[in-house]
Amino acid sequence: MNLRSRIASLQSIVALVVLVVALGLMTDSFLTPENGLNVLRQISVNLCLSIGMTLVILSGGIDLSVGSMLALAGAVSAGLLKHGVDLPGMGVHLEFTVLGAIVAGLVVGSLLGAFNGLTITRFGLPPFVATLGMLSIARGLTMLWTGGHPITGLGDTFGQLGSGHLLGLPTPTWIVAALVALFTLITLRTRFGRHLYAIGGNERAAELSGVNVAWVKMGAYTLCGAMAGAAGVLITARLDSATPNAGVAYELDSIAAVVIGGASLSGGRGSVLGAALGCLIIGILNNGLVLLEVSPFWQQVIKGGVILLAVAIDRAARGGK
C-alpha cells in the first residue's frame, strides 16, 4: 500500500470515528450490541459486491451490472433449491442440495462477469456501455426465470447461511471477513494483483512491460461477477426469498464504498480493506439515518451527497485530473 493509499485509509478511519461519535450522541439506540450486530449483517451483501468492484476499479474499469447479477444468481440458486430442474429432451429431473444451489449461484455470477470481460476486452466496448447492457440483460433473465414472482420457502439449512450466528457474530460476517482476507492477499501478494494496479495506473505501459491486459481484465470482471453471485446467495438466504427486483441500485452503494474507501475511479489506487471501511461507513450512515427517522427520500439525497464529496476529494487529491 503506497503513501497515498495509506492517507486515504486514514481519512476513512477518521470519518468512521466521527460518524460513530456523532450518531452515538444523537440517538441512544445506536451504540448497543444488538444494533452493532444488525449493521454487520446488513453490510455483508454490499461488502461482497464491493470486493469485486474493487478489482474492476483497480484495473481502471467500472461494473454497473452487479445489482442485476446479484438478482439473477440469487433467483437461480433459490429456483434450483426449491424446484430442481428438468433436463430438456432427456426426461431427467435433477434435485439440488443447498451446496449445489450455492455453487450454481456462484457459477451464474462468474459466467455473467466473464461475459462482461469478453465484451470489453475482445469487442472493445467501453466498460460503462458493456455493463449497462448486462444490467438490463440480467434483470430481464431474472424476470423470465422467476416469472416475475418471488421464490420463497427455501428451508432452514439455507436460511442459516444468511441469518444464523457463529461464536456470537452473524454467519455472513464470518463469510465476508474470510473473503476480505482472501482478496487482500490476492491484490497485494499475487502477480494478478500487481498487474491490476499496473493496468489501472498506466495500461499502455503495463502492456509494453509484458502484462496480458486482456486476461487480467477478464479475471477482474469474472471475479466481480462471482462476488455478485455470492452476494445474491447471501441476501436470498437472509430474506428466505429471491425477488425479481432484488439488488436494484446496489451498484451505486458498492461503487460509493470503494471510492469512500480511498480508491480512484481512474484506476491503479485502492484496496479491499479500504472498500471494507467504505462499506462500514455507508452501513453506519444508513443505520443512523433510519434510527433518526430521516425520510427515505432525504436518505437518498444525503447518500448521493456523500458520494459526490468523496469523488471531489479524490479529484482534489490528484490535482483535478
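How many salt bridges does the count come to? Let us work up to that and a few related puzzles. This is a predicted model, in which local features need pLDDT of at least 70, side-chain atom pairs count only at pLDDT 80 or more, and totals for chains, interfaces and linings use all residues. Residues are numbered from 1 along each chain as its sequence is written, and side-chain values use heavy atoms, with hydrogens and water left out.

**Exercise 1. Find the salt bridges and describe the setting of each partner.**

Step 1. Start with the rule: a salt bridge is a side-chain nitrogen of Lys or Arg within 4 Å of a carboxyl oxygen of Asp or Glu. By this rule the count is 2 salt bridges.

Step 2. Take the pair Lys 217 and Glu 203, whose side chains meet at 3.0 Å, N to O. This pair links distant parts of the chain, with Lys 217 in helix H10 (residues 213–239) and Glu 203 in helix H9 (residues 203–208), 14 residues apart. Helices here are DSSP runs (H or I, at least four residues), numbered from the N terminus.

Step 3. Now check burial, where buried means under 20% relative accessible area, exposed over 50%, and partly exposed in between (1.4 Å probe, protein chains only). Lys 217 has 15% relative accessibility, so this residue counts as buried. Glu 203, at 35%, counts as partly exposed.

Step 4. Turn to Glu 207 and Arg 204, which form a salt bridge at 3.5 Å, N to O. About one helical turn separates Glu 207 from Arg 204, because they are 3 residues apart in helix H9. Glu 207 is partly exposed at 42% relative accessibility, while Arg 204 is exposed at 52%.

**Exercise 2. Work out what surrounds Arg 139.**

Step 1. Locate the residue: Arg 139 lies in helix H5 (residues 127–146).

Step 2. Look for a charged partner, with Lys and Arg counted as positive, Asp and Glu as negative, and His and the chain ends not counted. Arg 139 is buried yet has no salt bridge; Glu 251, the nearest side chain of opposite charge, is 6.0 Å away.

Step 3. Look for a backbone partner instead. A polar atom of the Arg 139 side chain lies 2.8 Å from the backbone oxygen of Ala 246.

Step 4. List the contacts (heavy atoms within 4.5 Å). Setting aside neighbours within four places in sequence, Arg 139 is in contact with residues including Gly 67, Ser 68, Pro 244 and Ala 246.

Step 5. Follow Glu 251 to its helix. Glu 251 is among the buried residues of H11, and H11 (residues 250–260) is mostly covered, with 9 of its 11 residues buried. Just after H11, Gly 262 takes a positive phi of about 105°.

**Exercise 3. Which residues touch the most other members of the largest nonpolar core?**

Step 1. Define the core: a set of buried Ala, Val, Leu, Ile, Met, Phe, Trp, Tyr and Cys residues joined through side-chain atoms within 4.5 Å.

Step 2. Pick out the best-connected members. They are Ile 51 and Phe 183, in a core of 72 residues. Helix H2 (residues 33–58) gives the most to this core, with 12 residues.

Step 3. Trace the surroundings of Phe 183. Not counting residues up to four places away in sequence, Phe 183 touches Ile 51, Leu 55, Leu 223, Met 227 and Val 272.

Step 4. Note a second, separate core of 11 residues, which includes Ala 78, Leu 81, Ile 151 and Phe 158.

Notes: Helices (H or I, at least four residues) and strands (E, at least two) are DSSP runs, numbered from the N terminus. A polar contact is a pair of N or O atoms within 3.5 Å; within protein, one must be able to donate a hydrogen and the other to accept it, and residues adjacent in sequence count only if both atoms are side-chain atoms.
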